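Welcome, and please load the model in your viewer before reading on. Keep the selection tool handy, since each stop begins with something to pick.

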Amino acid sequence: MTDLATTADVWRSIHTERAALAADLASLPEERWETPSLCAGLTVREVLAHLTAGARLNAVRWMAGVIRCRFDFDRQVAMRLAEQLGPTPAATLERFRSIVRSTTKPPLPPIAMLGETVVHGEDIRRPLGITRAYPVEVVTRLAEYYAGTDMVVVAKGRIGGLRLVAEDGAFATGTGARVSGPTSALVMAMTGRAAHCDDLRGEGVELLRARCGTT
């Protein structure tokens, strides 16, 4: 287990990652906001709006939306995203800035919210050619979390029969064909982002790549 042991630590990391993402997007040209993200069918602007929606959705509003959408969770995600998109990219970014220090969340553990922030941050950054050096303790904690759960996104199930080993930190899990590389790339591949398999090596990489995009 890493140093990110308390809820307060996790929330500090969430706020830091949100602020970093807002700063990275501050001077993005308007036309680049329509760049396809790593989330299939969504632009980088839409993914940012999705992050804003998650930070404004408490358990009561989440359940109300589930009922309103007749338990169609994908429909609720689309509805909440549309609520936060705003009329322009500048408005989308300003709405995101307004929730940087929010601790509002749906009925998920804070570590899942950190995962959403980091993973969707990369969904935005990578297609735009923006890089971030994530604190190794943050991505290590996320890797540990995803290795043990299929909540929100299939991760534990995706890495069955593989041995994942970080080259920049302490994370290691599983048995089988080896996959190694930066911890952040392992996190992204675990959550189904095939593009990040390009940053990994080992005999298990192609199997993991093949599993990306599956539920």
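What follows is a walk through the model, one selection at a time.

**The whole chain**

Start with everything shown as a cartoon, and keep in mind that this is a predicted model. The secondary structure comes to nine helices and three strands. Trace the chain along its sequence and you will meet the pattern α-α-α-α-α-α-α-β-β-β-α-α. Now colour by burial: of the 215 residues, 50% count as buried. If you draw the contacts with a separation of 6 or more, 62% of them join residues 24 or more positions apart.

**Stop 1: helix 8**

Select residues 183–190, which make up helix 8. How many of the eight residues of helix 8 are buried? Seven are, so this helix is largely enclosed by the rest of the structure. Show them as sticks: T183, A185, L186, V187, M188, A189 and M190.

Next, bring up what surrounds these side chains. The buried residues of helix 8 pack against helix 6, helix 7 and helix 9 (205–211), and also against strand 1 (162–166) and strand 3 (177–181). Before moving on, step just past the end of helix 8 to G192, which takes a positive phi of about 95°.

**Stop 2: E122 and the second largest pocket**

Select E122, which you will find in helix 6 (residues 110–128). E122 is buried yet has no salt bridge. Which side chain of opposite charge is nearest to E122? It is R125, at 4.4 Å, and the cut-off for a salt bridge is 4 Å. Now show the contacts of E122 beyond four places in sequence: they are L38, P127, Y134, M188 and H196. One of these, M188, is among the buried residues of helix 8 from the previous stop.

Turn on the pocket surface here. The second largest pocket has a volume of about 200 Å³. Of its 13 lining residues, those closest to the centre are E122, R126, T131, H196 and D199. Helix 6 and helix 8 are the elements that give two or more residues to this lining, and the largest share, three residues, comes from helix 8. Colour the lining of this pocket by class and you should see five nonpolar, four polar and four charged residues.

**Stop 3: the cavity**

Rolling a probe the size of a water molecule over the atoms shows where empty space is left. With cavities displayed, look for the one cavity of 30 Å³ or more that the structure holds. About 40 Å³ of space lies in this largest cavity. Select its lining: A112, E116, Y145, Y146, M151, V152 and V153. The elements that give two or more residues to this lining are helix 6 and helix 7 (136–147). By class, the lining of the cavity has six nonpolar residues, no polar ones and one charged residue.

**Stop 4: V152 and I159 in one loop**

Stay with V152, one of the cavity-lining residues. V152 is found in the loop between helix 7 and strand 1. Is V152 buried or exposed? At 53% relative accessibility, V152 counts as exposed. Check its backbone as well: V152 has a positive phi of about 70° although it is not a glycine. Most residues other than glycine have a negative phi.

Now select I159, in the loop between helix 7 and strand 1. I159 is buried, with a relative accessible area of 7%. Not counting residues up to four places away in sequence, I159 touches A147, L164, T173, M190, L208 and R211. Draw a distance from I159 to G176: these residues are 17 apart along the chain, and their C-alpha atoms are separated by 9.8 Å.

**Stop 5: R201**

For the last selection, pick R201, in the loop between helix 8 and helix 9. R201 is exposed, with a relative accessible area of 54%. Which residues does R201 touch, not counting residues up to four places away in sequence? They are E167, R178, V179 and S180. To finish, draw a line between the C-alpha atoms of R201 and G181: the two residues are 20 apart along the chain, and the separation is 6.4 Å.

How values were computed. Residues are numbered from 1 along each chain as its sequence is written. This is a predicted model: local features need pLDDT of at least 70, side-chain atom pairs count only at pLDDT 80 or more; totals for chains, interfaces and linings use all residues. Side-chain values use heavy atoms; hydrogens and water are left out. Helices (H or I, at least four residues) and strands (E, at least two) are DSSP runs, numbered from the N terminus. Buried means under 20% relative accessible area, exposed over 50%, partly exposed in between (1.4 Å probe, protein chains only). Lys and Arg count as positive and Asp and Glu as negative; His and the chain ends are not counted. Contact means heavy atoms within 4.5 Å. On a 1 Å grid over the protein atoms alone, a cavity is a set of points where a 1.4 Å probe fits but cannot get out, and a pocket is an open set with protein on both sides within 12 Å along at least five of seven lines; lining residues have an atom within 4 Å of a point. Grid points are joined across faces, edges and corners, and a volume is the space filled by probe spheres set on the points. Ala, Val, Leu, Ile, Met, Phe, Trp, Tyr, Cys and Pro count as nonpolar, Asp, Glu, Lys and Arg as charged, and the others, Gly among them, as polar.
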